[in-house]
Amino acid sequence: MLRAYAILALLACGDSQARTAADSTTRASDASPAPTVGTIHLEQVSGSFRSPVYATSPPGDARLFVVEQAGRIKVVKDGRTLPEPFLDISSRVRSGGEQGLLSMAFHPEYRSNGWFYVNFTDRSGDTRVERFKVSANADVADAASSLLIIGIDQPYSNHNGGLVMFGLDGMLYIGMGDGGSGGDPRGNGQNRNALLGKMLRINVSRTEPYSIPQGNPYANGAGGKPEVWAIGLRNPWRFAFDRQTGLLYIADVGQNQLEEIDVEPASKAGLNYGWNIMEGNSCYNSSSCDRDGLTMPKVSFSHAGGACSVTGGFVYRGARIPAIAGHYFYSDYCAGWLKSFRMQNGAVTDRRDWTMENIGHIVSFGEDSRGELLIVSEGGKVFRIIGAS
Ligand SMILES: [Ca+2]
């Protein structure tokens with residue numbers, strides 16, 4: 001249990017110095033009416049996994065792919081987990097704490113090109129995003145097909161970000177943490193010339209390994225790294241795009257006091273989400289700070305009540321449960337609760353607190369090819385959300 005707890009608790013807690021009194025005051029962003037309460041019904045996906053950290057599906061594909069932190073990807077097909085992994089790169093992965101194989105993304109044209117992308121910590125502790133190709137067997141990848149897309153040095157073991165995901169614009173987005181330790185000692189979040197503490201956006205469809213998309217704020221290299229899309233992030237472990245509204249939700253893990261969820265149009269380039277000038281809605285380590293040009297979170301919550309590290313989910317756009325259409329689901333790794341809200345005209349509305357069976361630490365959410373949501377429990381189980389009441 002201790003080890004299980006240690007896996008990702010470091011996302012926020014491990015680097016905390018003496019924690020100041022948790023701020024339990026209601027945040028401005030939470031000034032809407034009290035959340036309503038409901039129940040979410042879960043169904044366990046067959047099979048058990050070893051430290052699963054993510055689940056996803058190729059476009060239009062009924063299979064489910066579960067990412068295991070140590071470096072394996074398992075396939076769930078026709079209701080059972082196949083014994084042979086889709087991919088096993090465990091010999092190249094340093095796993096444990098916040099390190100490991102942290103996510104995968106299928107190319108939007110996966111059906112024709114067979115390409116998928118992984119984000120992992122290599123044996124030197126650095127981030128690598130690589131492309132692989134499926135083999136002649138649709139349930140097994142070609143392990144020899146790896147192509148390095150981008151490698152990013154990591155100064156500390158924590159805050160590696162970890163998610164790769166294609167946006168609605170067909171570009172590959174990579175969430176990068178600030179490099180770790182605590183408090184962003186190297187100032188990466190606000191350094192436009194660092195790839196750490198950023199949301200990156202690259203085009204992997206035209207040239208190898210990638211090209212810089214038009215519209216990136218420093219696309220020509222002036223004023224910042226051309227790969228940078230947004231700055232001022234601490235550890236955006238999970239983020240998601242809402243295909244109906246075009247909003248980008250970033251769940252950014254906080255330092256000692258405040259977790260946050262940023263929600264902005266995905267098309268807005270060059271936003272500064274504030275770290276390490278601010279943590280959530282508060283100035284970080286200071287009673288005052290200059291908020292000019294900073295984008296405030298739409299939701300932030302304190303560590304009061306046992307929260308420690310936001311786990312971002314997805315906006316529900318499936319067909320099975322109309323009652324939760326448009327709701328963005330999220331959790332907290334330590335507290336284990338499930339909450340949701342909707343965005344309306346740029347504001348948070350319809351907040352809900354959900355009860356459900358206790359499934360332990362929620363390490364990630366996932367979305368299948370039909371837009372149905374999955375919850376990944378660190379203990380080794382993956383659940384489908386099958387109903388709400
Ligand atoms: Ca922020």
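**Entry 1. Strands E9 and E10**

I began with the pairing of E9 and E10 in this predicted model: the two strands run antiparallel and are joined by seven bridges. I looked up one pair in detail and found valine 134 bridged to alanine 141 in E10.

I then traced the sheet to which these strands belong. It is an open sheet of four strands in the order E7-E8-E9-E10, with antiparallel pairing. E7 and strand E10 (141-152) occupy the edges with a single partner strand each, so one side of each has no neighbour in the sheet. On average, neighbouring strands here are turned by 25 degrees against each other, direction ignored.

**Entry 2. Strand E8 and its partners**

I next followed E8, which covers residues 115-121. On one side I noted strand E7 (residues 101-106), joined to E8 by five bridges in an antiparallel arrangement. Within that pairing, methionine 104 has valine 118 of E8 as its bridge partner.

With strand E9 (residues 127-134), E8 forms seven bridges, again in the antiparallel sense. Here I found threonine 121 opposite threonine 127 in E9. The hairpin of E8 and E9 has five residues between the strands, and in it glycine 125 adopts a positive phi near 90 degrees.

Is E8 buried or exposed? I recorded six of its seven residues as buried, so the strand is largely enclosed by the rest of the structure.

**Entry 3. The sheet E11-E12-E13-E14**

I turned to another open sheet, in which four strands follow the order E11-E12-E13-E14 with antiparallel pairing. Strand E11 (164-166) and strand E14 (228-231) are its edge strands; each has a single partner strand, so one side of each is left without a neighbour in the sheet. I noted an average turn of 20 degrees between neighbouring strands, direction ignored.

I examined the E11 edge more closely. Three bridges connect E11 with strand E12 (residues 172-175), and the two run antiparallel. Methionine 165 lies opposite tyrosine 173 in E12.

**Entry 4. Isoleucine 202**

I located isoleucine 202 in strand E13 (residues 198-202). I counted the residue as buried because 22 C-beta neighbours lie inside 10 Å, and 20 are enough for that class. Leaving aside neighbours within four places in sequence, I listed the contacts of isoleucine 202 as Met171, Leu172, Tyr210, Ile212, Pro213 and Glu227.

I also checked isoleucine 202 against tyrosine 218: the two are 16 residues apart in sequence, and their C-alpha atoms are 12 Å apart in space.

**Entry 5. Leucine 195**

I found leucine 195 in the loop between E12 and E13. Does this loop residue count as buried or exposed? Leucine 195 has 20 C-beta neighbours inside 10 Å and therefore counts as buried; the cut-off for that class is 20 or more.

Not counting residues up to four places away in sequence, leucine 195 touches Ile152, Met176, Leu200, Lys225 and Glu227. Glu227 is also among the contacts of isoleucine 202. Leucine 195 and glycine 336 are 141 residues apart in sequence and 31 Å apart in space, C-alpha to C-alpha.

**Entry 6. The largest nonpolar core**

Which members of the largest nonpolar core touch the most other members? Among its 101 residues, I identified Leu172 and Tyr249. Leu172 had already appeared as a contact of isoleucine 202.

For tyrosine 249 I wrote down contacts with Phe239, Ala240, Asp242, Ile261, Val263, Gly312, Val315 and Tyr328, setting aside neighbours within four places in sequence.

**Entry 7. The whole chain**

I closed with totals. The protein chain contains two helices and 27 strands. Its radius of gyration is 19 Å, close to the 21 Å that the globule rule gives for 389 residues, so the chain is as compact as a globular protein of that length. The C-alpha trace spans about 60 × 50 × 40 Å along its principal axes.

Of the 389 residues, 48% are buried. Among contacts with a separation of 6 or more, 58% are between residues 24 or more positions apart.

I checked the confidence last. The mean pLDDT of the chain is 92, and 92% of its residues reach 70 or more. Over residues 1-29, however, the pLDDT is below 50, and this stretch has 59 contacts in the model beyond near neighbours in sequence.

How values were computed: Residues are numbered from 1 along each chain as its sequence is written. This is a predicted model: local features need pLDDT of at least 70, side-chain atom pairs count only at pLDDT 80 or more; totals for chains, interfaces and linings use all residues. Two strands pair if DSSP finds at least two bridges between them. Axes are lines fitted to C-alpha atoms, for helices over the stretch in contact, and angles run from 0 to 180 degrees between N-to-C directions. A nonpolar core is a set of buried Ala, Val, Leu, Ile, Met, Phe, Trp, Tyr and Cys residues joined through C-beta atoms within 7 Å. A residue is buried if 20 or more other C-beta atoms lie within 10 Å of its own, exposed if 12 or fewer, and partly exposed in between; C-beta atoms are placed from the backbone. Two residues are in contact if their C-beta atoms, placed from the backbone, lie within 7 Å. The radius of gyration is taken over C-alpha atoms; the globule rule is 2.2 Å times the number of residues to the power 0.38. pLDDT is the predictor's confidence in each residue, from 0 to 100.
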